[in-house]
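Hello,

Here is the structure I promised to pass on. Please look through the model first, then read my notes below.

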Amino acid sequence: MTNQVIVYSTNDCIECEFVKKMLLQNNIQFEIRDITTNQKYQQEVEKYGYLGVPVTVFGDTAVKGMNPDLQALVERMKEV
């Protein structure tokens, strides 16, 4: 399992911006993967069972959107 944090997003996604802002406010480094620039990224999102963005991945856990599951994932990230 890796400690890398990935945020799958698009440039025009408001909810994606909220997710990125939340991560930055918690001092969590992350990689942005814009699904509109690379078809492989869209396929990765689909492998997690989602069709849209934002999808935040940490280790073997993927969370779609901005919700309590994401907050719980952020708390796990901060422990590492």
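Helix H1 (residues 14–25) lies across strands S1 (5–9), S2 and S3. H1 runs at about 160° to S1. Helix H3 (residues 68–79) also packs on the sheet. H3 touches S1, S3 and S4, and its direction makes about 30° with that of S3. Keep in mind that this is a predicted model.

Now the sheet. It is open, has 4 strands, and follows the order S2-S1-S3-S4. The pairing is mixed. S2 (31–34) and S4 (61–64) stand at the edges with a single partner strand each, so one side of each has no neighbour in the sheet. On average, neighbouring strands are turned by 20° against each other, direction ignored.

One pairing in detail: S3 (residues 55–58) and S4 run antiparallel, joined by 4 bridges. Within this sheet, valine 55 stands opposite lysine 64 of S4.

Next, the cysteines. The count comes to 1 disulfide. It joins cysteine 13 to cysteine 16, with an S to S distance of 2.3 Å. That falls within the 2.5 Å cut-off. Which hand does the disulfide have? The torsion about the S-S bond is about 85°, so the disulfide is right-handed.

Are the two cysteines buried or exposed? Cysteine 13 is buried, because its relative accessible area is 11% and buried means under 20%. Cysteine 16 is buried too, at 0%.

Best wishes

Conventions: Residues numbered from 1 in each chain as written. Predicted model: local features only at pLDDT ≥ 70, side-chain atom pairs only at ≥ 80, totals over all residues. Heavy atoms only, no water. Pairing = 2+ DSSP bridges. Helix = DSSP H or I, 4+ residues; strand = E, 2+ residues; numbered from the N terminus. Axes fitted to C-alpha atoms, helices over the stretch in contact; angles between N-to-C directions. Contact = heavy atoms within 4.5 Å. Buried < 20%, exposed > 50% of the residue type's maximum accessible area, 1.4 Å probe, protein only.
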